[in-house]
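Colleague: I'm new to this structure and would love a close look at one part of it. Could you choose a helix, walk me through it, and then show me what lies around it and elsewhere in the chain?

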Amino acid sequence: MWRNSRSFSSKLRSSSSSSNPSTTTSIFTFYHPIGVAQPCLRALYPYTSSLFSSLSLSASSSDPIRLGFSNSHGVRGFSSVADPSSLASSSVVSRAREAVNLSRHYGRCYWELSKARLSMLVVATSGTGFVLGSGSTVDLGGLCWTCAGTMMVAASANSLNQVFEIKNDAKMKRTHRRPLPSGRITIPHAATWATSVGLIGTAMLATKANILAAGLAASNLILYAFVYTPLKQIHPVNTWVGAIVGAIPPLLGWAAASGQISLNAMILPAALYFWQIPHFMALAYLCRDDYAAGGYKMYSLADATGQRTAAVALRNCLYLIPLGYLAYDWGITSGWFCLESSILTLAITATAFSFYRHCTMQKARRMFHASLLHLPVFMSGLLFHRLSDNKQTMKEDSSKRMLDDLVQDDRYNAEKIKTEHSRGVAQGRRPPVAYASVAPFPFLPVPVYADS
(Lines give C-alpha, C1' and ligand atoms only; values in the text may rest on other atoms or scores of the structure.)
Protein backbone atom coordinates (compact mmCIF):
# COMPACT_ATOMS: atom_id res chain seq x y z
CA MET A 1 0.00 0.00 0.00
CA TRP A 2 2.90 2.33 0.76
CA ARG A 3 4.40 1.74 -2.66
CA ASN A 4 1.13 2.22 -4.44
CA SER A 5 0.62 5.56 -2.75
CA ARG A 6 4.18 6.62 -3.55
CA SER A 7 3.91 5.68 -7.19
CA PHE A 8 0.50 7.34 -7.52
CA SER A 9 1.80 10.64 -6.14
CA SER A 10 4.85 10.49 -8.42
CA LYS A 11 2.54 10.01 -11.38
CA LEU A 12 0.63 13.09 -10.39
CA ARG A 13 3.87 15.10 -10.16
CA SER A 14 5.07 13.96 -13.56
CA SER A 15 1.75 14.68 -15.22
CA SER A 16 1.61 18.14 -13.70
CA SER A 17 5.21 19.01 -14.70
CA SER A 18 4.75 17.80 -18.25
CA SER A 19 1.58 19.77 -18.87
CA ASN A 20 1.68 22.97 -20.93
CA PRO A 21 1.20 26.10 -18.72
CA SER A 22 -0.90 27.82 -21.35
CA THR A 23 -3.47 25.04 -21.46
CA THR A 24 -3.32 23.94 -17.84
CA THR A 25 -6.52 24.17 -15.86
CA SER A 26 -6.26 25.10 -12.21
CA ILE A 27 -6.85 21.74 -10.54
CA PHE A 28 -6.80 21.39 -6.79
CA THR A 29 -6.77 17.69 -6.08
CA PHE A 30 -8.08 16.33 -2.80
CA TYR A 31 -7.87 12.58 -2.63
CA HIS A 32 -8.53 11.03 0.73
CA PRO A 33 -9.45 7.36 0.22
CA ILE A 34 -11.13 5.65 3.07
CA GLY A 35 -8.70 3.46 5.04
CA VAL A 36 -5.45 5.38 4.35
CA ALA A 37 -3.37 5.49 7.52
CA GLN A 38 -1.80 8.58 9.12
CA PRO A 39 1.81 7.63 8.17
CA CYS A 40 0.76 7.38 4.58
CA LEU A 41 -0.69 10.91 4.68
CA ARG A 42 2.53 12.26 6.21
CA ALA A 43 4.53 10.62 3.43
CA LEU A 44 2.28 12.09 0.78
CA TYR A 45 2.33 15.62 2.25
CA PRO A 46 5.57 16.89 0.54
CA TYR A 47 4.39 15.72 -2.87
CA THR A 48 0.86 17.03 -2.59
CA SER A 49 2.03 20.39 -1.27
CA SER A 50 4.42 20.83 -4.20
CA LEU A 51 1.63 19.77 -6.51
CA PHE A 52 -0.67 22.43 -5.05
CA SER A 53 1.97 25.16 -5.42
CA SER A 54 2.79 24.24 -9.01
CA LEU A 55 -0.81 24.04 -10.06
CA SER A 56 -1.78 27.28 -8.38
CA LEU A 57 1.00 29.15 -10.17
CA SER A 58 -0.22 27.90 -13.51
CA ALA A 59 -3.78 29.13 -12.93
CA SER A 60 -5.06 32.05 -14.93
CA SER A 61 -6.92 34.82 -13.12
CA SER A 62 -9.75 34.79 -15.64
CA ASP A 63 -10.31 30.99 -15.60
CA PRO A 64 -12.99 29.48 -13.42
CA ILE A 65 -11.89 27.62 -10.30
CA ARG A 66 -12.40 23.85 -10.48
CA LEU A 67 -12.26 21.47 -7.57
CA GLY A 68 -11.66 17.76 -8.38
CA PHE A 69 -9.55 15.41 -10.51
CA SER A 70 -8.58 15.83 -14.11
CA ASN A 71 -10.19 13.56 -16.66
CA SER A 72 -6.73 12.43 -17.92
CA HIS A 73 -6.17 10.40 -14.73
CA GLY A 74 -9.51 8.64 -14.96
CA VAL A 75 -10.35 9.48 -11.37
CA ARG A 76 -13.44 11.47 -10.37
CA GLY A 77 -13.58 13.42 -7.12
CA PHE A 78 -15.94 16.36 -6.47
CA SER A 79 -16.01 19.33 -8.79
CA SER A 80 -17.54 22.80 -8.49
CA VAL A 81 -17.41 25.76 -10.83
CA ALA A 82 -17.70 29.36 -9.56
CA ASP A 83 -17.55 31.96 -12.30
CA PRO A 84 -18.13 35.74 -11.95
CA SER A 85 -21.65 35.56 -13.39
CA SER A 86 -22.76 33.03 -10.75
CA LEU A 87 -21.18 35.16 -8.01
CA ALA A 88 -23.06 38.23 -9.27
CA SER A 89 -26.37 36.35 -9.40
CA SER A 90 -25.88 35.02 -5.88
CA SER A 91 -25.21 38.55 -4.60
CA VAL A 92 -28.38 39.80 -6.29
CA VAL A 93 -30.39 37.02 -4.68
CA SER A 94 -28.92 37.76 -1.26
CA ARG A 95 -29.71 41.45 -1.62
CA ALA A 96 -33.27 40.68 -2.69
CA ARG A 97 -33.66 38.38 0.30
CA GLU A 98 -32.40 41.10 2.62
CA ALA A 99 -34.85 43.60 1.10
CA VAL A 100 -37.77 41.20 1.59
CA ASN A 101 -36.78 40.55 5.21
CA LEU A 102 -36.44 44.28 5.84
CA SER A 103 -39.82 45.05 4.34
CA ARG A 104 -41.42 42.29 6.42
CA HIS A 105 -39.80 43.65 9.56
CA TYR A 106 -40.98 47.23 9.08
CA GLY A 107 -44.36 46.09 7.79
CA ARG A 108 -44.88 44.15 11.00
CA CYS A 109 -43.76 47.16 13.05
CA TYR A 110 -46.15 49.50 11.22
CA TRP A 111 -48.97 46.99 11.68
CA GLU A 112 -48.42 46.88 15.44
CA LEU A 113 -47.88 50.62 15.77
CA SER A 114 -51.16 51.28 13.99
CA LYS A 115 -53.07 48.77 16.17
CA ALA A 116 -54.50 47.54 12.90
CA ARG A 117 -57.45 45.59 14.31
CA LEU A 118 -58.60 48.55 16.40
CA SER A 119 -58.14 50.87 13.42
CA MET A 120 -60.25 48.53 11.26
CA LEU A 121 -63.03 48.71 13.86
CA VAL A 122 -62.87 52.51 13.60
CA VAL A 123 -63.08 52.20 9.81
CA ALA A 124 -66.14 49.94 10.17
CA THR A 125 -67.97 52.54 12.28
CA SER A 126 -67.02 55.30 9.84
CA GLY A 127 -68.20 53.23 6.87
CA THR A 128 -71.50 52.50 8.61
CA GLY A 129 -72.01 56.20 9.19
CA PHE A 130 -71.27 56.87 5.53
CA VAL A 131 -73.89 54.36 4.38
CA LEU A 132 -76.50 55.69 6.80
CA GLY A 133 -75.90 59.23 5.61
CA SER A 134 -75.96 58.34 1.91
CA GLY A 135 -79.71 57.93 1.54
CA SER A 136 -81.03 55.90 -1.39
CA THR A 137 -77.74 55.58 -3.32
CA VAL A 138 -74.30 54.85 -1.86
CA ASP A 139 -71.23 56.27 -3.59
CA LEU A 140 -68.83 53.32 -3.49
CA GLY A 141 -65.87 55.43 -4.55
CA GLY A 142 -66.53 57.96 -1.83
CA LEU A 143 -66.99 55.13 0.67
CA CYS A 144 -63.57 53.67 -0.23
CA TRP A 145 -61.83 57.04 -0.01
CA THR A 146 -63.48 57.76 3.34
CA CYS A 147 -62.47 54.38 4.76
CA ALA A 148 -58.89 54.76 3.51
CA GLY A 149 -58.54 58.26 4.98
CA THR A 150 -60.08 57.15 8.28
CA MET A 151 -57.70 54.17 8.44
CA MET A 152 -54.67 56.44 7.97
CA VAL A 153 -55.79 58.94 10.60
CA ALA A 154 -56.58 56.15 13.07
CA ALA A 155 -53.17 54.55 12.41
CA SER A 156 -51.49 57.90 13.03
CA ALA A 157 -53.34 58.43 16.32
CA ASN A 158 -52.51 54.94 17.59
CA SER A 159 -48.85 55.30 16.59
CA LEU A 160 -48.53 58.64 18.39
CA ASN A 161 -50.18 57.05 21.41
CA GLN A 162 -47.41 54.43 21.54
CA VAL A 163 -44.69 57.04 21.01
CA PHE A 164 -45.91 58.97 24.06
CA GLU A 165 -46.45 55.86 26.21
CA ILE A 166 -43.24 53.95 25.45
CA LYS A 167 -42.09 53.93 29.09
CA ASN A 168 -45.50 52.88 30.38
CA ASP A 169 -45.82 50.12 27.78
CA ALA A 170 -42.44 48.72 28.80
CA LYS A 171 -43.78 48.12 32.33
CA MET A 172 -46.91 46.23 31.30
CA LYS A 173 -47.06 42.54 30.40
CA ARG A 174 -49.73 43.21 27.79
CA THR A 175 -47.68 45.83 25.89
CA HIS A 176 -43.98 45.30 26.59
CA ARG A 177 -43.50 43.43 23.28
CA ARG A 178 -44.68 46.31 21.14
CA PRO A 179 -42.19 47.67 18.55
CA LEU A 180 -41.01 50.68 20.58
CA PRO A 181 -40.49 49.08 24.03
CA SER A 182 -38.84 46.03 22.44
CA GLY A 183 -36.46 48.24 20.41
CA ARG A 184 -37.50 46.92 17.00
CA ILE A 185 -38.01 50.47 15.73
CA THR A 186 -36.72 53.85 16.85
CA ILE A 187 -38.82 56.71 18.22
CA PRO A 188 -37.97 59.15 15.34
CA HIS A 189 -38.90 56.48 12.82
CA ALA A 190 -42.25 55.83 14.51
CA ALA A 191 -42.97 59.57 14.86
CA THR A 192 -42.19 60.12 11.18
CA TRP A 193 -44.50 57.27 10.21
CA ALA A 194 -47.33 58.61 12.41
CA THR A 195 -47.01 62.18 11.11
CA SER A 196 -46.86 61.20 7.46
CA VAL A 197 -49.88 58.88 7.47
CA GLY A 198 -51.88 61.37 9.53
CA LEU A 199 -51.26 64.20 7.08
CA ILE A 200 -51.95 61.99 4.06
CA GLY A 201 -55.19 60.68 5.55
CA THR A 202 -56.47 64.15 6.44
CA ALA A 203 -55.57 65.50 2.99
CA MET A 204 -57.32 62.53 1.37
CA LEU A 205 -60.53 63.22 3.30
CA ALA A 206 -60.34 66.92 2.45
CA THR A 207 -59.93 66.34 -1.29
CA LYS A 208 -62.04 63.22 -1.83
CA ALA A 209 -64.81 63.86 0.73
CA ASN A 210 -65.22 67.37 2.18
CA ILE A 211 -63.66 69.79 4.64
CA LEU A 212 -66.13 68.88 7.38
CA ALA A 213 -65.04 65.23 7.36
CA ALA A 214 -61.36 66.21 7.30
CA GLY A 215 -61.88 68.60 10.21
CA LEU A 216 -63.57 65.88 12.27
CA ALA A 217 -60.71 63.49 11.51
CA ALA A 218 -58.01 66.00 12.45
CA SER A 219 -59.81 67.04 15.65
CA ASN A 220 -60.25 63.41 16.65
CA LEU A 221 -56.54 62.72 16.09
CA ILE A 222 -55.60 65.68 18.30
CA LEU A 223 -58.14 64.70 20.96
CA TYR A 224 -56.86 61.12 21.10
CA ALA A 225 -53.11 61.71 20.90
CA PHE A 226 -52.74 64.97 22.83
CA VAL A 227 -55.66 64.96 25.29
CA TYR A 228 -56.76 61.39 25.98
CA THR A 229 -53.25 59.87 26.00
CA PRO A 230 -51.71 62.14 28.70
CA LEU A 231 -55.00 62.16 30.64
CA LYS A 232 -54.68 58.40 31.18
CA GLN A 233 -51.87 59.12 33.63
CA ILE A 234 -53.68 62.01 35.35
CA HIS A 235 -57.37 61.26 36.04
CA PRO A 236 -59.93 58.43 35.59
CA VAL A 237 -62.10 60.74 33.47
CA ASN A 238 -59.94 59.59 30.55
CA THR A 239 -62.44 56.76 29.92
CA TRP A 240 -65.22 59.23 29.12
CA VAL A 241 -62.91 61.34 26.94
CA GLY A 242 -61.91 58.18 25.08
CA ALA A 243 -65.60 57.41 24.57
CA ILE A 244 -66.00 60.78 22.82
CA VAL A 245 -63.06 59.88 20.58
CA GLY A 246 -64.74 56.59 19.65
CA ALA A 247 -68.06 58.29 18.91
CA ILE A 248 -66.69 60.72 16.30
CA PRO A 249 -65.82 58.29 13.40
CA PRO A 250 -69.47 57.45 12.50
CA LEU A 251 -70.19 61.17 12.55
CA LEU A 252 -67.22 61.60 10.21
CA GLY A 253 -68.67 59.03 7.81
CA TRP A 254 -72.11 60.69 7.84
CA ALA A 255 -70.54 64.09 7.15
CA ALA A 256 -68.45 62.65 4.31
CA ALA A 257 -71.60 61.26 2.66
CA SER A 258 -74.10 64.08 3.22
CA GLY A 259 -71.87 67.11 3.78
CA GLN A 260 -73.75 68.04 6.96
CA ILE A 261 -74.60 66.85 10.47
CA SER A 262 -78.24 66.38 11.41
CA LEU A 263 -80.09 64.97 14.39
CA ASN A 264 -80.43 61.59 12.66
CA ALA A 265 -76.65 61.36 12.50
CA MET A 266 -76.44 61.13 16.31
CA ILE A 267 -77.93 57.63 16.71
CA LEU A 268 -74.77 55.62 15.97
CA PRO A 269 -72.37 58.03 17.77
CA ALA A 270 -74.60 57.87 20.86
CA ALA A 271 -74.63 54.07 20.68
CA LEU A 272 -70.83 53.99 20.42
CA TYR A 273 -70.41 56.41 23.31
CA PHE A 274 -72.62 54.43 25.70
CA TRP A 275 -71.21 51.10 24.44
CA GLN A 276 -67.60 52.02 25.15
CA ILE A 277 -68.18 52.64 28.87
CA PRO A 278 -69.12 49.04 29.83
CA HIS A 279 -66.58 47.73 27.32
CA PHE A 280 -63.65 49.62 28.87
CA MET A 281 -64.91 49.21 32.42
CA ALA A 282 -64.75 45.46 31.96
CA LEU A 283 -61.31 45.70 30.35
CA ALA A 284 -59.99 48.00 33.09
CA TYR A 285 -61.26 45.60 35.77
CA LEU A 286 -59.68 42.58 34.08
CA CYS A 287 -56.31 44.32 33.59
CA ARG A 288 -56.21 46.59 36.63
CA ASP A 289 -52.98 45.10 37.98
CA ASP A 290 -51.33 45.69 34.63
CA TYR A 291 -52.69 49.24 34.44
CA ALA A 292 -51.41 49.93 37.95
CA ALA A 293 -47.94 48.70 36.96
CA GLY A 294 -48.00 50.98 33.92
CA GLY A 295 -48.93 54.05 35.96
CA TYR A 296 -52.40 54.64 34.48
CA LYS A 297 -55.24 56.24 36.48
CA MET A 298 -58.17 54.01 35.65
CA TYR A 299 -61.56 54.13 37.36
CA SER A 300 -61.32 50.51 38.51
CA LEU A 301 -58.06 51.11 40.40
CA ALA A 302 -59.85 53.25 43.01
CA ASP A 303 -62.59 50.64 43.38
CA ALA A 304 -61.32 47.69 45.38
CA THR A 305 -64.63 45.80 45.38
CA GLY A 306 -65.53 46.61 41.77
CA GLN A 307 -69.05 47.65 42.77
CA ARG A 308 -68.84 51.20 41.44
CA THR A 309 -67.19 50.01 38.23
CA ALA A 310 -70.04 47.56 37.65
CA ALA A 311 -72.63 50.25 38.47
CA VAL A 312 -71.20 52.60 35.86
CA ALA A 313 -71.23 49.82 33.28
CA LEU A 314 -74.84 48.87 34.10
CA ARG A 315 -76.04 52.48 33.93
CA ASN A 316 -74.60 53.02 30.46
CA CYS A 317 -76.06 49.74 29.23
CA LEU A 318 -79.49 51.03 30.24
CA TYR A 319 -78.84 54.18 28.22
CA LEU A 320 -78.57 52.01 25.10
CA ILE A 321 -82.15 50.70 25.34
CA PRO A 322 -84.10 53.66 23.82
CA LEU A 323 -81.75 54.12 20.85
CA GLY A 324 -83.51 51.47 18.78
CA TYR A 325 -86.86 53.18 19.26
CA LEU A 326 -85.36 56.57 18.39
CA ALA A 327 -83.88 55.16 15.18
CA TYR A 328 -87.36 53.94 14.23
CA ASP A 329 -89.15 57.08 15.37
CA TRP A 330 -86.81 59.37 13.45
CA GLY A 331 -87.30 57.38 10.26
CA ILE A 332 -83.79 55.92 10.05
CA THR A 333 -84.77 52.25 10.33
CA SER A 334 -87.87 50.08 10.22
CA GLY A 335 -89.76 48.87 13.26
CA TRP A 336 -87.97 45.52 13.25
CA PHE A 337 -84.73 47.20 14.29
CA CYS A 338 -86.48 48.64 17.34
CA LEU A 339 -87.34 45.11 18.47
CA GLU A 340 -83.95 43.60 17.65
CA SER A 341 -82.04 46.44 19.27
CA SER A 342 -84.09 46.12 22.46
CA ILE A 343 -83.39 42.38 22.73
CA LEU A 344 -79.68 42.90 22.00
CA THR A 345 -79.34 45.69 24.55
CA LEU A 346 -81.20 43.73 27.22
CA ALA A 347 -78.70 40.89 26.70
CA ILE A 348 -75.66 43.06 27.42
CA THR A 349 -77.55 44.72 30.27
CA ALA A 350 -78.10 41.28 31.80
CA THR A 351 -74.36 40.59 31.78
CA ALA A 352 -73.71 44.00 33.34
CA PHE A 353 -76.29 43.29 36.06
CA SER A 354 -74.67 39.92 36.70
CA PHE A 355 -71.31 41.67 37.07
CA TYR A 356 -72.94 44.18 39.44
CA ARG A 357 -74.30 41.44 41.67
CA HIS A 358 -71.06 39.41 41.74
CA CYS A 359 -67.93 41.42 40.95
CA THR A 360 -65.67 38.63 39.80
CA MET A 361 -63.22 38.20 36.95
CA GLN A 362 -65.50 35.68 35.30
CA LYS A 363 -68.49 38.05 35.27
CA ALA A 364 -66.35 40.91 33.99
CA ARG A 365 -64.98 38.72 31.20
CA ARG A 366 -68.51 37.68 30.24
CA MET A 367 -69.60 41.33 30.01
CA PHE A 368 -66.50 42.12 27.95
CA HIS A 369 -67.29 39.34 25.46
CA ALA A 370 -70.93 40.49 25.29
CA SER A 371 -69.76 44.00 24.41
CA LEU A 372 -67.58 42.60 21.63
CA LEU A 373 -70.64 40.89 20.17
CA HIS A 374 -73.04 43.79 20.71
CA LEU A 375 -71.42 46.44 18.51
CA PRO A 376 -71.10 44.55 15.18
CA VAL A 377 -74.62 43.12 15.54
CA PHE A 378 -76.04 46.57 16.30
CA MET A 379 -74.33 48.15 13.29
CA SER A 380 -75.38 45.28 11.05
CA GLY A 381 -78.98 45.77 12.14
CA LEU A 382 -78.79 49.47 11.36
CA LEU A 383 -77.55 48.74 7.86
CA PHE A 384 -79.99 45.92 7.21
CA HIS A 385 -83.13 47.74 8.41
CA ARG A 386 -82.23 51.25 7.30
CA LEU A 387 -84.74 53.20 5.26
CA SER A 388 -83.71 54.95 2.06
CA ASP A 389 -84.61 58.57 1.32
CA ASN A 390 -87.69 57.51 -0.65
CA LYS A 391 -89.05 55.42 2.21
CA GLN A 392 -88.25 58.14 4.71
CA THR A 393 -90.04 60.65 2.50
CA MET A 394 -93.05 58.34 2.20
CA LYS A 395 -93.13 57.94 5.97
CA GLU A 396 -92.88 61.69 6.48
CA ASP A 397 -95.59 62.27 3.88
CA SER A 398 -97.94 59.79 5.55
CA SER A 399 -97.34 61.42 8.93
CA LYS A 400 -97.92 64.83 7.42
CA ARG A 401 -101.09 63.59 5.71
CA MET A 402 -102.43 62.25 8.99
CA LEU A 403 -101.68 65.55 10.66
CA ASP A 404 -103.44 67.47 7.89
CA ASP A 405 -106.46 65.21 8.26
CA LEU A 406 -106.60 65.92 11.96
CA VAL A 407 -106.33 69.65 11.34
CA GLN A 408 -109.09 69.51 8.76
CA ASP A 409 -111.32 67.56 11.16
CA ASP A 410 -110.74 70.16 13.84
CA ARG A 411 -111.59 72.93 11.40
CA TYR A 412 -114.74 71.10 10.34
CA ASN A 413 -115.84 70.64 13.93
CA ALA A 414 -115.16 74.30 14.69
CA GLU A 415 -117.19 75.41 11.68
CA LYS A 416 -120.05 73.09 12.70
CA ILE A 417 -120.13 74.48 16.23
CA LYS A 418 -120.08 78.02 14.89
CA THR A 419 -122.95 77.28 12.52
CA GLU A 420 -125.07 75.74 15.26
CA HIS A 421 -124.34 78.73 17.47
CA SER A 422 -125.49 81.19 14.83
CA ARG A 423 -128.69 79.18 14.30
CA GLY A 424 -129.48 79.26 18.01
CA VAL A 425 -129.06 83.01 18.14
CA ALA A 426 -131.37 83.40 15.16
CA GLN A 427 -134.07 81.36 16.91
CA GLY A 428 -134.05 83.58 20.02
CA ARG A 429 -131.97 81.49 22.32
CA ARG A 430 -129.43 83.57 24.16
CA PRO A 431 -126.20 81.90 25.15
CA PRO A 432 -124.69 82.90 28.49
CA VAL A 433 -121.53 84.93 28.37
CA ALA A 434 -120.73 85.12 32.07
CA TYR A 435 -121.94 84.18 35.50
CA ALA A 436 -122.86 86.41 38.47
CA SER A 437 -124.14 85.93 42.00
CA VAL A 438 -127.46 87.30 43.34
CA ALA A 439 -128.55 87.52 46.99
CA PRO A 440 -129.83 85.81 49.05
CA PHE A 441 -128.04 82.82 47.51
CA PRO A 442 -124.64 84.17 46.50
CA PHE A 443 -123.27 80.69 45.90
CA LEU A 444 -125.72 80.01 43.08
CA PRO A 445 -124.59 81.29 39.67
CA VAL A 446 -127.06 83.30 37.64
CA PRO A 447 -126.57 83.65 33.88
CA VAL A 448 -125.91 87.14 32.59
CA TYR A 449 -126.77 87.81 28.94
CA ALA A 450 -125.17 90.28 26.62
CA ASP A 451 -128.42 91.99 25.67
CA SER A 452 -130.01 92.29 29.15
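Modeller: Happy to! Let's start with a yardstick: the expected span of a helix is 1.5 Å times one less than its number of residues. Please keep in mind that this is a predicted model.

My choice is helix α10, which runs over residues 238-258. It has 21 residues, and the expected span at 1.5 Å a residue is 30 Å. From the first C-alpha to the last, α10 reaches 31 Å, close to that value. How much of α10 is covered? Mostly, it is: 17 of the 21 residues are buried. Just past its end comes Gly259, with a positive phi near 80 degrees.

What touches α10? One residue to look at is Gln276, which sits in helix α11, residues 267-286. Setting aside neighbours within four places in sequence, Gln276 is in contact with Gly242, Ala243, Gly246 and Ala247, and these four positions fall within α10. Is Gln276 buried or exposed? Buried means under 20% relative accessible area, and Gln276 has 8%, so it counts as buried.

From α11 we can step on to helix α16, residues 361-385, where Phe378 is placed. Beyond residues up to four places away in sequence, Phe378 touches Leu268, Ala271, Phe337, Ser341 and Leu344. Of these, Leu268 and Ala271 belong to the stretch of α11. Phe378 has a relative accessible area of 2%, so it is buried. The C-alpha atoms of Phe378 and Gly324 are 9.3 Å apart in space, although their positions lie 54 residues apart in sequence numbering.

Before α10 in the sequence there is a helix pair to compare with your picture. Two packed helices are described by the angle between their axes and the distance between the axes. For α8 (residues 187-208) and α9 (residues 211-231), the angle is about 155 degrees and the axes are 7 Å apart. Angles over 145 degrees count as roughly antiparallel, so α8 is roughly antiparallel to α9. On the α8 side, Gly198, Thr202, Leu205 and Ala206 take part, and they meet Ile211, Ala213, Ala214, Ala217, Ala218 and Leu221 of α9. By class, that contact has eight nonpolar and two polar residues, and no charged ones.

Further back again, Arg178 lies in the loop between α6 and α7. Its relative accessibility is 18%, so Arg178 counts as buried. Its contacts, apart from residues up to four places away, are Glu112, Lys115, Gln162, Asp169 and Arg184. Lys115 is in the loop between α3 and α4, and has a positive phi near 50 degrees despite not being glycine. The helix after that loop, α4, has 19 residues and reaches 26 Å, close to the expected 27 Å. It is followed by Gly135, with a positive phi of about 85 degrees.

To set all this in the whole, the chain has 17 helices and five strands, and 37% of its 452 residues are buried.

Technical notes
Residues numbered from 1 in each chain as written. Predicted model: local features only at pLDDT ≥ 70, side-chain atom pairs only at ≥ 80, totals over all residues. Heavy atoms only, no water. Helix = DSSP H or I, 4+ residues; strand = E, 2+ residues; numbered from the N terminus. Axes fitted to C-alpha atoms, helices over the stretch in contact; angles between N-to-C directions. Parallel < 35°, antiparallel > 145°, perpendicular 65-115°, else oblique. Contact = heavy atoms within 4.5 Å. Nonpolar A, V, L, I, M, F, W, Y, C, P; charged D, E, K, R; others polar. Buried < 20%, exposed > 50% of the residue type's maximum accessible area, 1.4 Å probe, protein only.
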